Amino acid sequence: MSRPPSQSPNFSSVADVDKRLSEAGYLPDAQIATTVFLADRLGKPLLVEGPAGTGKTELAKALAAATDSELIRLQCYEGLDEARALYEWNYKKQLLRIQASQAGDGADWDSVHDDIFGDEFLLSRPLLTAIRRTDPTVLLIDETDKADVEVEGLLLEVLSDFQVTIPELGTITATRRPMVILTSNATRELSEALKRRCLYLALDYPSADREREIVLSRVPDLAPGLADQLVKTVRALRAMELKKSPSISETLDWAQTLLELGLDTLDEGAMSSTLGVVLKHASDQQRAAAELRLN
Amino acid sequence: MSAPVSRSQELGGLAGHLDGFVRAVREAGIPVGISQAVDAAEILTVIDLLEREQLRHGLAAVLLQRGAQRPAYDVLFDLWWPLSDRPAPADDSSESEEGADGGEPQQGGPRPDDAALAKAMRDELFRLLLEGDEDEIGRFARRAVDRLGSGQPSPTGQSYFSYRVMRALSPDTLVAQLLAGLLAEGDRGGLNEQVARQTVRERVEAFKNAVETEVRRRTANEKGRERVAKNAVRPLADQIDFLRAQSTDLAELRRTVAPLARRLAVRLSARRKIGRQGRLDFRKTVRASLGTGGVPVVTHHRPRKVHKPELVVLCDVSGSVAGFSHFTLMLTQALREHFTGVRAFAFVDSTDEVTRFFRPGADVADAVTRIGREAQVVAFDGHSDYGTAFEVFADKYASAIGPKTSLLVLGDGRTNYRPAAVPLLASMVRRSRSAHWLNPEPERQWGSGDSAADRYGEVIDMVECRNASQLADFITTL
């Protein structure tokens, strides 16, 4: 089995992952810390799957901050193709080069031909950029499930061997293996081949304790009692069958809102006036109001 | 890679143990490839084996591929790497292994007054649930199983039952007291009570799970873990039979079906291939070529007309397919949320349009009760009658089906020996653009008894759809 170029791992232990991610403002639980540690040690991409708003993208950002790496992001969408994900030839510049050669120096076809398929005319897209970088890199492939199945095939070569083949230039292999995070909302089952190459992390909403810590670390001025009440309320909301459950960032927004309004307790009045911060569908708001007896 | 080899030689038993675990995971319906098994072995070399939780999460990272597999995996992990395999810190006497302990007063001899013991433990449980420390609750659960959960010792060994623990402690009856304990005086009713209820529910659930886990661990000690593993693992959510779904499964099922419905809607509506473009837009191409010195490097195309079909869903909502009809209505609701050209019809022995109950954002359970109350789906005796239902449909709503319409029939095709009206269905199929029938019964039962599924199957594309994974397969073939 071919292994990607070896290099010293970023983290020394699971506890080290925990500590450095916490310093970067992301509080991991045991599962996240262990999986990130393994992804780093085994040099495998990490596939993070879970509902929207559980901190998948945030994890990649925190990881970049914790390892002093640059974050390169590839946002997937329906219709994403090679030219947007991998590389593209700069047609306009190539054309300019051809025309310049016709007008001026009169270089022969062979030299122009070799010239216009050089590095200078290559537009590097996120995947190629990440592979060619010599500095530490975190590559985030966001919302992989939104992209078409063909893109997964494209990712396979990049993720298993960390190399890209460009017909005119040959194969470009990573000099320094980037740390790869793929995220998915599980709206579509990703292919087996892709999953097999990745470590899998199913991310769900955090436990009450962890979410309370997150709120207190991000909104430090909030009274601990109120944070506790807030987190319990958000959990009650998530237990309902809503169209869109409140995300972690919405919990944080809510905490910030309560702080700005100077509210020191979350009672019915405060709740019904600020419900829009966490619930963004009219039908969700009605349901929450009915089930929590706000009126 | 020399390190893993030397390590596995050194820990010969460990590799075998891991192998057994991987086998059990496979048997539980989670596909684990060879390369994943190799990765699992590699995990053992980099992770601290004394940290049980790290091992749990580490193996999960390579063995699992979907979030829904996690509960089954956790059960198996607890069986293969039980807690007592290493000395627990702050262990009290009741936690030691059976057989190894001699000083366990409750085990062999006459028990102290059972009622008094149960009462004392119930009080302790109440205190623990009020405080909500999960580790404490877990330790208490182990103690509770030890003292209250054992059945009569038999020649084959001691057996343990979670229902004994639950009967003695009845945690559900503590809810009212717990609420009183968690809430201050003026907080009854309203927001705070609802929030507290949720908290209490979570904690009681955690306690029950801890008891189940402990009972499984002890049973595995007595009878071997392979036997326990076979019975302990619940089917994965996408394998649950629609017809046999329990009410507890429904929420889980809804979560699996919702994204599938979205995909189905997309498949049925936009059947255009991504990347295939329409006719050349000459003007735009020439305009763009000015940027490249008059050479048309990039061609521009007119966007293709997006095909906007109508979808007609015709679903059986009779009692015989109660579990399935809940799912079909769920599917209808999800389809309604994703495109507007959906018309839904429900039938038992008569047909009525039920589109109005599925306004986007409406609740499925709500819609089901309203259909039962307001829609004219029962004309005669409330047993399904496909013949009459199709006749009423053809009579009243013939215009619903046209050359752009996709028809989706959901039902088991059991006609109660009444006329099946197959030609009528055939003509509906002919008039529609595409037609499919999803049947919740296994294919071998089609045509048995009063089922007309085999006859319908001759005129319409009938697909067996017993669980969410089959639904997913159907959608990918569309």
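In the predicted model, strand β5 of chain A, residues 137-142, is joined to strand β8 of chain A, residues 179-184, by four bridges, and the two strands run parallel. Within this pairing, A:V138 has A:M179 of β8(A) as its bridge partner. Both strands belong to an open sheet of five strands in chain A, arranged in the order β2-β5-β8-β1-β9, with parallel pairing. The edges of the sheet are occupied by β2 (70-75) and β9 (199-202) of chain A; each has a single partner strand, so one side of each is left without a neighbour in the sheet. Direction ignored, neighbouring strands of this sheet are turned by 20 degrees against each other on average.

Chain B also contains an open sheet, here built from six strands in the order β3-β2-β1-β4-β5-β6, and its pairing is mixed. At its edges stand β3 (351-353) and β6 (461-464) of chain B, each of which has a single partner strand, so that one side of each lacks a neighbour in the sheet. The average turn between neighbouring strands of this sheet is 20 degrees, again with direction ignored. In general, the strands of a sheet pair through backbone hydrogen bonds, in either a parallel or an antiparallel manner. An antiparallel case is provided by strand β2 of chain B (residues 342-347), which is joined to β3(B) by three bridges. In this pair, B:F347 is positioned opposite B:T351 of β3(B).

The loop between β4 (405-410) and α17 (422-431) of chain B includes B:Y417. Although B:Y417 is not a glycine, its phi is positive, at about 60 degrees. The relative accessible area of B:Y417 is 67%, and because residues over 50% are classed as exposed, B:Y417 is exposed. The loop between β4 and α17 of chain B also holds B:A421. B:A421, likewise not a glycine, has a positive phi of about 55 degrees.

Turning to the pockets of the model, the second largest pocket encloses about 450 Å³ of space. Its lining comprises 23 residues, of which A:G53, A:T54, A:G55, A:K56 and A:E58 are the closest to the pocket centre. Three helices of chain A, α3 (56-66), α10 (208-218) and α12 (248-261), each contribute at least two residues to the lining of this pocket. By residue class, the lining of the second largest pocket consists of six nonpolar, ten polar and seven charged residues.

With respect to cysteines, the count of disulfides over all chains is zero. A:C198 takes part in no disulfide, and the nearest cysteine sulfur, belonging to A:C76, is 12 Å away. Because a disulfide requires a pair of cysteine sulfur atoms within 2.5 Å, the separation of 12 Å between the sulfurs of A:C198 and A:C76 does not meet the criterion. A:C198 has a relative accessible area of 5% and is therefore buried, the limit for this class being under 20%. In chain B, B:C465 is likewise in no disulfide, with the nearest cysteine sulfur, that of B:C315, lying 13 Å away. B:C465 is also buried, as its relative accessible area is 1%.

Methods. Residues numbered from 1 in each chain as written. Chains lettered and ligands numbered in written order. Predicted model: local features only at pLDDT ≥ 70, side-chain atom pairs only at ≥ 80, totals over all residues. Heavy atoms only, no water. 1 Å grid on protein atoms, 1.4 Å probe; cavity = no way out; pocket = protein on both sides within 12 Å on 5 of 7 lines; lining within 4 Å. Points joined across faces, edges and corners; volume = space filled by probe spheres on them. Nonpolar A, V, L, I, M, F, W, Y, C, P; charged D, E, K, R; others polar. Pairing = 2+ DSSP bridges. Axes fitted to C-alpha atoms, helices over the stretch in contact; angles between N-to-C directions. Buried < 20%, exposed > 50% of the residue type's maximum accessible area, 1.4 Å probe, protein only.
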